[in-house]
Amino acid sequence: MSTSTCPPNAFVVIASGAEAKFFVNNGKARDISLTHVGNLSPQNLDDDGPSGNRPPESSNQETDEATFAKQLAQHLYAKAHKGEFEHLVLVADPDTLGEIRPILHLEVKQKISLELAKTLINSPMGDIERSLSAG
């Protein structure tokens, strides 16, 4: 896994504990041009449950965020397994990244070309592109 670039045609995920936005890089590795291609929101949080065991002192919000991290990891695995992307750029706030990293399937991990622990979910497109260009 390289941790330095956002290759052309990379599938870019900007995530928080409550949502994920999906983009494709139509530019170059250091001249990022993103196109929005979808979103993922938490679904059936009470029925699905979090990844792994949650400490009893976890708040409902922490449990919901852990559950969404599991859902996002499953979504990325399904897309990777279908061959929908060759390169993955994963950007999430540090807590969400910490939740999702250990539960990503090996097939997804092998496609990660850039990983950033940054909160960009509500940032304007230009800020996201600049952050990715800086790597």
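This is a dialogue between a visitor and a guide about reading one predicted protein model.

Visitor: What should I know about the model before I start?
Guide: It is predicted, so local features need pLDDT of at least 70 and side-chain atom pairs count only at pLDDT 80 or more, while totals for chains, interfaces and linings use all residues. Residues are numbered from 1 along each chain as its sequence is written, and side-chain values use heavy atoms, with hydrogens and water left out.

Visitor: Which helices and strands are there, and in what order do the elements run?
Guide: Helices (H or I, at least four residues) and strands (E, at least two) are DSSP runs, numbered from the N terminus. This protein has five helices and five strands, and from the N terminus on the order is β-β-β-α-α-β-α-α-β-α.

Visitor: How do I read strand pairing, and which strands does β2 pair with?
Guide: Two strands pair if DSSP finds at least two bridges between them. Here β1 (residues 11-15) and β2 (residues 20-25) run antiparallel, joined by five bridges, and a hairpin of four residues connects them. Look for Val12, which stands opposite Phe23 in β2. On to the next pair: β2 is joined to β3 (residues 34-40) by six bridges, again antiparallel, with Lys21 opposite Asn39 in β3. As you look along a regular strand, remember that side chains alternate between the two faces of the sheet.

Visitor: How much of the protein is buried?
Guide: Buried means under 20% relative accessible area, exposed over 50%, and partly exposed in between (1.4 Å probe, protein chains only). Of the 135 residues in the protein, 41% are buried. For the surface, accessible areas come from the Shrake-Rupley method with a 1.4 Å probe, and for residues only the protein chains shown count as cover. The total is about 7,000 Å², with 46% of it belonging to carbon and sulfur atoms.

Visitor: How do I find a nonpolar core, and which elements contribute to the largest one?
Guide: A nonpolar core is a set of buried Ala, Val, Leu, Ile, Met, Phe, Trp, Tyr and Cys residues joined through side-chain atoms within 4.5 Å. The largest has 21 residues, and those with the most contacts inside it include Val13, Leu72 and Ile100. Two or more residues come from each of β1, β2, α2, β4 and α3, and α2 gives the most, with six. Apart from this core lies another, of 15 residues, among them Phe23, Val89, Leu120 and Ile128.

Visitor: What does Ile100 touch?
Guide: Contact means heavy atoms within 4.5 Å. Not counting residues up to four places away in sequence, Ile100 touches Ala69, Leu72, Ala73, Leu76 and Leu90. Across the protein, 60% of the contacts with a separation of 6 or more are between residues 24 or more positions apart.

Visitor: How are aromatic pairs judged, and how many are there?
Guide: Rings of Phe, Tyr and Trp (its six-membered ring) pair if their centres lie within 6.5 Å; planes under 30 degrees apart count as stacked, over 60 as edge-to-face and the rest as tilted. By this rule there are two pairs. Phe11 and Phe85 have ring centres 5.2 Å apart and planes at 15°, so they are stacked. Phe11 lies in β1 and Phe85 in the loop between α2 (60-81) and β4 (88-92), so the pair ties together parts 74 residues apart in sequence. Phe11 is buried at 7%, and Phe85 is buried at 5%. Ring pairs link Phe11, Phe22 and Phe85 into a cluster.

Visitor: And what about charged side chains: how many salt bridges are found?
Guide: Side chains of opposite charge can pair when their charged atoms come close. A salt bridge is a side-chain nitrogen of Lys or Arg within 4 Å of a carboxyl oxygen of Asp or Glu. The whole structure has three.

Visitor: Is Lys79 in the first one buried or exposed?
Guide: Lys79 is buried, at 17%, whereas its partner Glu84 is partly exposed at 44%. Their N to O distance is 2.5 Å. Lys79 lies in helix α2 and touches Phe11, Glu84 and Phe85, not counting residues up to four places away in sequence.

Visitor: Where do the other two sit?
Guide: Glu115 bridges to Arg101, with the closest N and O atoms 2.8 Å apart. Glu115 is in strand β5 (residues 112-117) and Arg101 in the loop between α3 (94-100) and α4 (106-109), 14 residues apart. Arg130 meets Asp127 at 2.5 Å, N to O; being three residues apart in helix α5 (residues 125-134), they are separated by about one helical turn. Arg130 is exposed at 54%, and Asp127 is partly exposed at 32%.
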